[in-house]
Amino acid sequence: MGLVGVLSLGACKDDSAGDDGGQAPTTGSATEADSGDGSGTDAGNVDPNTPTWYQEIAPTVISKCAGCHSEGGIAPFPLHDYESAAPWAGVLAEAVESGTMPPFAVDDTDECQMNYDWQDDIRLSDEEKLALRAWADAGAPEGDPDTAVDVPIPPSTDLTQIDTTLAMEASMVVGGDQDEFWCFSLDPGLTEDQYLRALQIRPGNDKVVHHVLIYVDEDGASAESAGPDGSFPCSGGSLQGDLIGAWAPGALPTRVPEGAGMLVPAGSRLVMNIHYHPTGGADEIDEGTSLEIDWLEERPPWLAQLALIGNGQCLLPGPNDNGGVEFVIPPDVADHTESMLFTLPSDLPELRLWQIGAHMHYLGVDMIIGTQRSNSPGPEEECLLHAPNYSFEWQRLYSYDVSLEDTPRLAGGDQLYMRCTYDNTLNNPGVVEALGQTGLEAPIEVRLGEETLDEMCLGVYGIAFPNIF
């Protein structure tokens with residue numbers, strides 16, 4: 001059992017200390033641009049104070065949007081040059097003003113001031129938002145390509161090096177109205193210990209693939225459970241070994257920090273755990289969810305893993321509890337919260353926290369994660385992540401933009417705080433979508449569970465510790 005298994009043995013804070021109501025520790029309408037024939041406003045007629053594509057707008061759109069909005073990318077249309085972006089000028093301005101784009105959920109708020117910057121931060125500054133709006137209102141002028149400013153390279157959503165590709169052999173038909181959980185035993189063919197530097201999970205059909213988890217099966221026992229095609233039914237919450245990869249809508253590849261790697265021992269198999277959620281319409285087929293791996297060439301000084309903590313562990317009293325502490329979200333409540341305070345096991349060594357993420361389902365709108373330290377360096381109370389604009393459709397893990405030596409630290413006895421906020425009303429588009437999938441017209445009571453129409457409150461933690469075991 002790796003450190004992730006040890007983490008699951010953590011304790012809950014005494015109930016008498018949970019009377020604070022679950023307060024978090026603190027630290028202190030658009031239209032497409034009228035571009036006429038597609039060439040935009042003539043540069044000679046543009047007010048010199050109006051932003052133009054080549055002089056002001058291209059660096060923002062290409063560096064903050066084109067990573068996903070590229071030919072064949074995960075976004076529905078490209079934004080890689082003037083011709084592709086100009087017709088969408090008004091839509092772009094409205095999307096960034098409303099906060100729906102770019103899909104970067106974390107932010108500093110009055111309740112949470114985070115102490116670190118993030119890698120691949122695609123949030124727009126206030127100045128960039130104003131410039132985009134002015135550009136759209138002016139008819140998306142092109143400007144002068146001969147005096148174009150330099151454009152940053154957008155962050156890549158793909159691995160730059162792929163050493164191994166593994167795919168499920170089965171072809172899964174997903175239909176009906178019930179969620180399904182299937183596991184696939186994959187053989188990376190390792191004759192010696194290997195360390196993973198990066199991993200990319202590619203869903204075979206993102207209409208029905210709800211999420212994917214990748215576990216290390218150290219003794220290869222999953223092969224005995226699998227059928228001829230490598231598949232076997234499993235639980236979405238079952239732990240098959242150390243977690244090394246996760247995918248949900250909007251996720252980027254998992255890349256461990258410099259100096260660290262994820263161990264896959266010789267003879268191990270990888271278990272790909274897939275949660276399928278039917279569309280409610282015609283059958284859909286997953287013809288091959290796969291993963292791509294970039295291996296390190298030598299043993300790293302730090303060992304990296306992913307840990308999942310939450311989902312009712314150490315649940316605190318909530319505002320709508322009825323007859324005891326429970327995880328239940330009543331219908332027609334717009335600001336229901338569920339909170340947890342989890343104490344890390346006392347024998348846990350000091351950890352580096354290099355990545356963090358929030359996971360809820362359709363009702364979730366806001367999640368905050370913090371720590372209360374007693375045994376590790378750092379502020380006694382620190383907000384680690386706040387996702388005030390959480391969306392189930394765009395989930396990602398957030399990596400700190402510092403070296404591993406300078407990331408937040410945690411140790412045994414420290415506590416992790418998680419608070420999830422849910423909007424279970426028809427004002428929440430996620431609720432409308434969830435009800436539509438089940439043929440319901442009004443919100444219903446929702447409880448903790450693995451299926452899409454249940455709810456979760458889960459923190460995802462990328463941890464690292466010295467590779468001396």
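**Exercise 1.** In which loop is D332 found? Establish also what is unusual about its backbone, and decide whether the residue is buried or exposed.

*Solution.* The model is a predicted one, and the first step is to place the residue along the chain: D332 is found in the loop between β15, which spans 328-329, and β16, which spans 336-343. The second step is to look at the backbone, where D332 has a positive phi of about 65° although it is not a glycine. The last step concerns accessibility: since the relative accessible area of D332 is 56%, and exposed means over 50%, D332 is exposed.

**Exercise 2.** Carry out the corresponding analysis for A140, stating which loop holds it, what its phi is, and whether it is buried or exposed.

*Solution.* A140 is found in the loop between α5 and β2, the latter covering 164-167. Its phi is near 60°, which is a positive value in a residue other than glycine. The relative accessibility of A140 is 0%, and because buried means under 20%, A140 counts as buried.

**Exercise 3.** Determine what kind of peptide bond joins M101 and P102, and where P102 lies relative to the helices.

*Solution.* The bond joining M101 and P102 is a cis peptide bond, with omega at about -10°. As for its position, P102 has its place in the loop between α4 (89-98) and α5 (126-137).

**Exercise 4.** Describe how α4 and α5 pack, giving the angle and the separation of their axes, the relative direction of the helices, the handedness of the crossing and the residues in contact.

*Solution.* Begin with the geometry: α4 and α5 pack at an angle of about 150°, and their axes are 8 Å apart. Angles over 145 degrees count as roughly antiparallel, and α4 and α5 are therefore roughly antiparallel to each other. The crossing of the two helices, α4 and α5, is left-handed. On the α4 side the contact is made by A89, G90, L92, A93, E94, V96 and E97, while α5 contributes K129, L132, R133, W135 and A136. Sorted by class, the contact of α4 with α5 has seven nonpolar residues, one polar residue and four charged residues.

**Exercise 5.** For the protein as a whole, state how many helices and strands there are, which percentage of the residues is buried, and what the accessible surface comes to.

*Solution.* The secondary structure comes to seven helices and 24 strands. Of the 469 residues in the protein, 53% are buried. The accessible surface comes to about 20400 Å², and 47% of this surface belongs to carbon and sulfur atoms.

Key: Residues are numbered from 1 along each chain as its sequence is written. This is a predicted model: local features need pLDDT of at least 70, side-chain atom pairs count only at pLDDT 80 or more; totals for chains, interfaces and linings use all residues. Side-chain values use heavy atoms; hydrogens and water are left out. Helices (H or I, at least four residues) and strands (E, at least two) are DSSP runs, numbered from the N terminus. Buried means under 20% relative accessible area, exposed over 50%, partly exposed in between (1.4 Å probe, protein chains only). Axes are lines fitted to C-alpha atoms, for helices over the stretch in contact, and angles run from 0 to 180 degrees between N-to-C directions. Angles under 35 degrees count as roughly parallel, over 145 as roughly antiparallel, 65 to 115 as roughly perpendicular and the rest as oblique. A crossing is left-handed if the near helix is turned anticlockwise from the far one by less than a right angle, and right-handed if clockwise. Contact means heavy atoms within 4.5 Å. Ala, Val, Leu, Ile, Met, Phe, Trp, Tyr, Cys and Pro count as nonpolar, Asp, Glu, Lys and Arg as charged, and the others, Gly among them, as polar. Accessible areas come from the Shrake-Rupley method with a 1.4 Å probe; for residues, only the protein chains shown count as cover.
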